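This report is written for a reader who is meeting this protein for the first time. It begins with the metal site and then turns to confidence, the nonpolar interior and a few individual residues.

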Amino acid sequence: MESGTIRFDQDADDRDHKDMEKLIREAAADKIPMLISENNGKRLPSNVRSCMMVPLNIRGKTFGVLTAAIKHGDRRFGESDLYYLSFLTRHAAHAIEKLALYENIYNNLFSTLYAFVRAIELRDPYTQQHSSRVTDISLQLGQNMGCSQEELDILNFAGPLHDIGKIGIPDNILLKPGPLTLSEYEKIKEHPDLGADIVGKLGMWDREQEIIRCHHEWYDGSGYPSGLKQDEIPLLSRILSVADAFDAMASDRAYRKRMEIGKVLGTIQSAANTQFDPDVVGAFTALHESGAIDLDAA
Ligand SMILES: [Fe+2]
């Protein structure tokens, strides 16, 4: 019967699959390369004529088994094939180990930097969670403006760290409840360069460094630290700038109460072409109108 035939084939497939899995587990347990040149009917699945398996070992642990199998034709694997596959697997294991170590270092560095930001925010009860809110809004703006995944990843990294340079600003200036003197304001203006230098010292994240350095530049060139204007300012900094200003206006600060929420959007819109990139302001307005940015939740 046809249905019986189909079931028979399925059963055979399942057996072959289990046989192969058993061999792979053996190779993983032994941690040494295995070559089975010929299918003698005892070890290999019925649909495999020749096979080799090389465990992928990293620091003595097996993370996988690179398996090559011949199912058709007269060719059979030999010792030289096993040598080349072992060579390839050693290099693959080395590359994976380096990547894992890099990711580990990357995550540890980011956690350390973010701990600095938390420490800064804890100094000022008014700015707690400011950086993460700014990051969330920046990511929404970035998505709305068609940023690539790479750009969004950069924003996701630079957003939480944009004010890390404030670690170098004394409390009596950073937490001053009243207006700043000219010299105190000059000191505050150092924080984008300080932040970029802190991130830059780690020798990676060049683009993130520039985003942080430029987050207080104004679209008309009257910002700081460099007085860049329009496209001279990285797009991601122009995005961060709007999100940063929005969250600052919509939150209580040591020196003032939060701005009446209805005025926040108007203030941002009126600063298009002066402080802010008009395209980013347009994206912000669109997001607000769609309900994605909830002014009352800030
Ligand atoms: Fe800042």
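## The iron site

Along the sequence, the residues that donate to the iron ion follow the spacing D-x27-H-x23-H-H. Within this set, His191 and His216 link distant parts of the chain, since His191 lies in helix α7 (residues 191-200) while His216 lies in the loop between α8 (206-213) and α9 (235-249), 25 residues apart. The model is a predicted one, and in it the protein donors are Asp163 through OD together with His191, His215 and His216 through NE2, lying 2.1 to 2.3 Å from the iron ion. The 4 donor atoms subtend angles of 86 to 175° around the iron ion, which makes the arrangement irregular. His191 has a relative accessibility of 2% and therefore counts as buried.

## Confidence along the chain

The mean pLDDT of the protein is 86, and 93% of its residues reach 70 or more. Confidence is lowest in helix α1 (residues 2-30), where the mean is 72, and highest in α9, where the mean is 95. Over residues 1-6 the pLDDT stays under 50, and for these residues the model has 0 contacts beyond four places in sequence.

## The nonpolar interior

The largest nonpolar core has 39 residues, and those with the most contacts inside it are Leu141, Leu161, Phe246, Ile268 and Phe284. Two or more residues are given to this core by each of α2 (79-123), α3 (130-144), α4 (149-161), α8, α9, α10 (261-270) and α11 (278-289). Of these, α9 gives the most, with 8 residues. Apart from this core lies another, of 9 residues, among them Ala27, Met34, Val48 and Met53.

Phe284 offers a view of the packing in the larger core: leaving aside neighbours within four places in sequence, Phe284 is in contact with Ile137, Leu141, Val242, Phe246, Leu265, Ile268 and Ile293.

## Helix α3 and its surroundings

With 15 residues at 1.5 Å a residue, α3 should span 21 Å, and its end C-alpha atoms are indeed 21 Å apart, so the two values agree. The buried residues of α3 are His130, Ser131, Val134, Thr135, Ile137, Ser138, Leu139, Leu141 and Gly142, and the buried residues of this helix pack against α2, α4, α9 and α11. Just after α3, Gly146 takes a positive phi of about 80°.

Ser138 lies in helix α3, and Ser138 counts as buried because its relative accessible area is 0%. Phe157, whose place is in helix α4, is likewise buried, with a relative accessible area of 4%. Between the C-alpha atoms of Phe157 and Gly146, which are 11 residues apart along the chain, the separation is 18 Å.

The table below sets out the contacts of these two buried residues, not counting residues up to four places away in sequence.

| Residue | Relative accessible area | Residues in contact |
|---|---|---|
| Ser138 | 0% | Leu155, Ile239, Leu240 and Ala243 |
| Phe157 | 4% | Tyr106, Phe110, Leu113, Val199, Trp205 and Glu208 |

Methods. Residues numbered from 1 in each chain as written. Predicted model: local features only at pLDDT ≥ 70, side-chain atom pairs only at ≥ 80, totals over all residues. Heavy atoms only, no water. Donors = N, O, S within 2.8 Å, 3.2 Å for Na, K, Ca; no water. Tetrahedral: all angles 85-135°; square planar, octahedral: opposite > 155°, others 65-115°. Helix = DSSP H or I, 4+ residues; strand = E, 2+ residues; numbered from the N terminus. Buried < 20%, exposed > 50% of the residue type's maximum accessible area, 1.4 Å probe, protein only. pLDDT = per-residue confidence, 0-100. Contact = heavy atoms within 4.5 Å. Core = buried A, V, L, I, M, F, W, Y, C linked by side-chain atoms within 4.5 Å. Expected span 1.5 Å × (residues − 1).
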